[in-house]
Amino acid sequence: MEEKIYSIDPATEELARKAANEGIETLWDRKKAMKTPCGFGEQGLCCRICAMGPCRISPTKDKGAQKGICGATADVIIARNLARMIAGGTATHSDHGRDIAHVLHMAKRDGNYKITDEKKLLNLAKEWEVEIENRDIYDIAHEVAEIALKEFGKPFGTLRFLERAPEQRKSVWEKNDIRTGAIDKEIATIMHSTHIGCAADAKDLIHKGMRTSLADGWGGSMIGTEFSDILFGMPVPRETEANLGVLEEDQVNIIVHGHEPSLSEMMVLAAEDPELLQLVEEVGAKGINLSGMCCTSNEVAMRHGVKIAGNLNQQELAVFTGAVEAIIVDVQCIFPALAPLTKCYHTKFITTSPKAKITGATHMEFEEGKALQSAKEIVREAILNFKNRDAKKVFIPKAKSPAVVGYSVEAIKKQLDKVVNSQIDEGGTLKPLADCITSGVIRGAAGVVGCNNPKVKHDYGHVELMKELIKNDVIVVTTGCAAQAAAKAGLMSKEARKLAGKGLAKVCELVDIPPVLHMGSCVDISRILVLVSELAKLLKVDISDLPVVGAAPEWMSEKAIAIGTYVVTSGIDTWLGVVPPVTGSDLVVDILTNKAKDIVGAKFHVEPDPHKAAQQMIERIEEKRETLGLAA
Ligand code: SF4
Ligand code: FE2
């Protein structure tokens with residue numbers, strides 16, 4: 001069989017080759033045009049924080065410049081850059097969370113945005129000590145939203161959601177001064193500390209990065225997840241399909257791409273509008289086929305079963321099918337390359353967020369105050385564009401896979417109830433999962449998350465790692481583009497049990513789950529934090545004691561750096577498949593991959609080979625089992 005060059009995913013490989021043959025530029029061409037990456041940048045050895053520079057430090061220890069003009073060493077420059085990446089990622093996820101909190105604040109009974117999950121709202125209100133007796137549910141929602149919005153700038157105190165962690169973890173944070181304060185303050189402090197002539201101690205800068213990263217996972221991201229569930233409904237298992245083969249030749253294909261569900265939820269509603277469906281008939285199409293890309297796709301797949309068109313590296317290929325009437329984007333992970341590319345096809349590239357305007361795109365601002373109307377206008381544009389499709393250019397690959405998605409923590413508990421003996425145990429807890437882990441039927445759990453990166457063959461890192469883990473009875477939870485890679489590879493179908501080890505396969509059969517659980521978008525890694533916290537509390541240990549590991553095999557963004565850092569800071573060893581730009585400093589490498597363990601009980605590991613990474617993760621799980629005295 002011919003070797004796959006771009007991707008292990010057949011649809012991607014087929015389209016990427018076709019694009020290459022036809023001279024259509026994709027990310028792989030631009031990667032090639034970069035030639036060898038800048039050696040200074042790759043090791044993190046350049047600084048352009050001030051205009052005395054840019055300065056670059058020689059990678060050879062005793063030759064060339066060893067300090068920037070201000071005297072900053074390689075250690076300082078690299079730690080500063082890393083801290084800024086963490087701040088960038090935290091700002092991005094948290095601003096998403098803030099937007100969703102604003103949406104909850106504007107929700108009303110007769111508005112476009114309503115409360116869907118009252119129970120979740122009331123639970124959160126109780127957690128935050130908001131009065132609920134004899135109050136209108138919308139008044140409660142508005143007060144809860146206001147409290148969340150204050151989490152971004154409160155002058156005193158630490159983040160409310162940190163209280164969800166087990167006591168042992170909270171003391172680790174307390175002891176090491178990592179308990180995070182207001183979200184915006186932590187980000188601003190990093191920007192201040194990393195200004196020219198401020199902090200110049202690598203260890204302290206990484207410490208600040210750790211504290212700020214918690215403002216992502218236990219702050220903005222968790223607000224994003226909780227409030228999205230309250231507004232749009234808690235995800236429950238539902239069937240969908242994944243890969244570019246979900247596009248339909250005779251329908252109006254609309255792809256939602258980006259991150260925030262406030263837009264995509266309205267697109268789902270608009271796509272069912274009778275007047276617009278009438279228009280679809282008039283233009284000679286058989287229907288509206290809404291599908292998604294990246295995290296926005298995960299959001300609507302988890303809540304409505306909307307099909308998954310693909311992950312990050314497939315966004316250009318979707319346009320290249322010639323069958324997409326509109327690609328509607330909001331924020332994050334949107335390639336500006338879509339603007340010139342869509343000009344070669346009939347596809348309308350529509351930006352909607354004031355935070356992400358892109359030259360060459362059509363900007364149709366999504367106004368949350370009249371959300372459904374905005375969404376309908378966008379859908380109308382797409383429908384009217386159907387007539388411009390050039391049948392000669394249409395090429396939709398066949399590949400698509402069935403997948404079950406939607407495993408929120410609450411949904412996992414519900415599945416686990418299937419094996420609870422109601423005479424002995426009460427349902428609605430993670431106890432059956434804890435029991436499976438302690439008895440050794442399942443050896444442990446792994447969170448496999450993150451992006452695509454052309455430094456790795458597309459989806460190879462995710463899929464190979466996950467297959468190896470489930471084969472060895474490690475249950476996998478996943479989010480983001482990693483989750484979509486798994487869905488496309490069939491790892492989220494019930495049949496995937498065949499790929500699992502004996503113990504895990506049995507559990508999957510009894511509980512009726514696939515061995516790889518789709519837990520949502522990247523902000524939904526906060527669900528994984530809640531899951532491990534509850535598990536740790538059940539077993540009366542710290543998160544760092546659990547036989548649980550994390551991995552980002554194909555990471556690429558600042559958001560991923562923030563995630564990796566908060567996962568480690570929460571006590572979970574994390575494997576990276578792509579080397580971060582820190583190798584120019586032995587000190588920084590030593591802190592991240594060694595000393596971090598003495599502070600937070602976990603560290604980073606870097607292993608580009610997913611098979612080797614899986615073995616290391618399994619060994620770590622077994623070590624933890626032994627320390628806990630769990631069944632061999
Ligand atoms: Fe150079 Fe220091 Fe300015 Fe960075 S902050 S560019 S190392 S002088
Ligand atoms: Fe994402």
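Which residue of β12 is the bridge partner of V448? The partner is T478. The model is a predicted one, and this briefing covers a parallel sheet, a helix packed against one of its strands, and a residue of helix α9.

**The sheet**
- The open sheet consists of six strands, ordered β13-β12-β11-β14-β15-β16, with parallel pairing.
- At its edges lie β13 (516-518) and β16 (604-606), each of which pairs on one side only.
- On average, neighbouring strands of the sheet are turned by 25° against each other, direction ignored.
- Five bridges join β11 (residues 444-448) to β12 (residues 474-478) in the parallel sense, and V448 is bridged to T478 in β12.

**Helix α20**
- Helix α20 spans residues 502-511, and its buried residues include L504, V507 and C508.
- These three lie on the same side of α20 because they cover an arc of only 100° around the axis.
- In general, residues three or four places apart in an α-helix point the same way, since there are 3.6 residues a turn.
- The exposed residues K502 and E509 are carried on the face turned away from the buried side of α20.
- The cover over the buried residues of α20 includes α17 (431-439), α18 (460-471) and strand β12.
- After α20 comes D512, which has a positive phi, near 65°.

**Residue D229**
- D229 is located in helix α9 (residues 202-232).
- D229 counts as buried because 26 other C-beta atoms lie within 10 Å, the cut-off being 20 or more.
- Beyond its neighbours within four places in sequence, D229 contacts D117, K120, M234 and S408.
- D229 and K120 are 109 residues apart in sequence, yet their C-alpha atoms are 7.6 Å apart in space.

How values were computed. Residues are numbered from 1 along each chain as its sequence is written. Chains are lettered from A and ligands numbered from 1 in the order in which they are written. This is a predicted model: local features need pLDDT of at least 70, side-chain atom pairs count only at pLDDT 80 or more; totals for chains, interfaces and linings use all residues. Two strands pair if DSSP finds at least two bridges between them. Helices (H or I, at least four residues) and strands (E, at least two) are DSSP runs, numbered from the N terminus. Axes are lines fitted to C-alpha atoms, for helices over the stretch in contact, and angles run from 0 to 180 degrees between N-to-C directions. A residue is buried if 20 or more other C-beta atoms lie within 10 Å of its own, exposed if 12 or fewer, and partly exposed in between; C-beta atoms are placed from the backbone. Two residues are in contact if their C-beta atoms, placed from the backbone, lie within 7 Å. The arc is that of the directions from the helix axis to the C-beta atoms.
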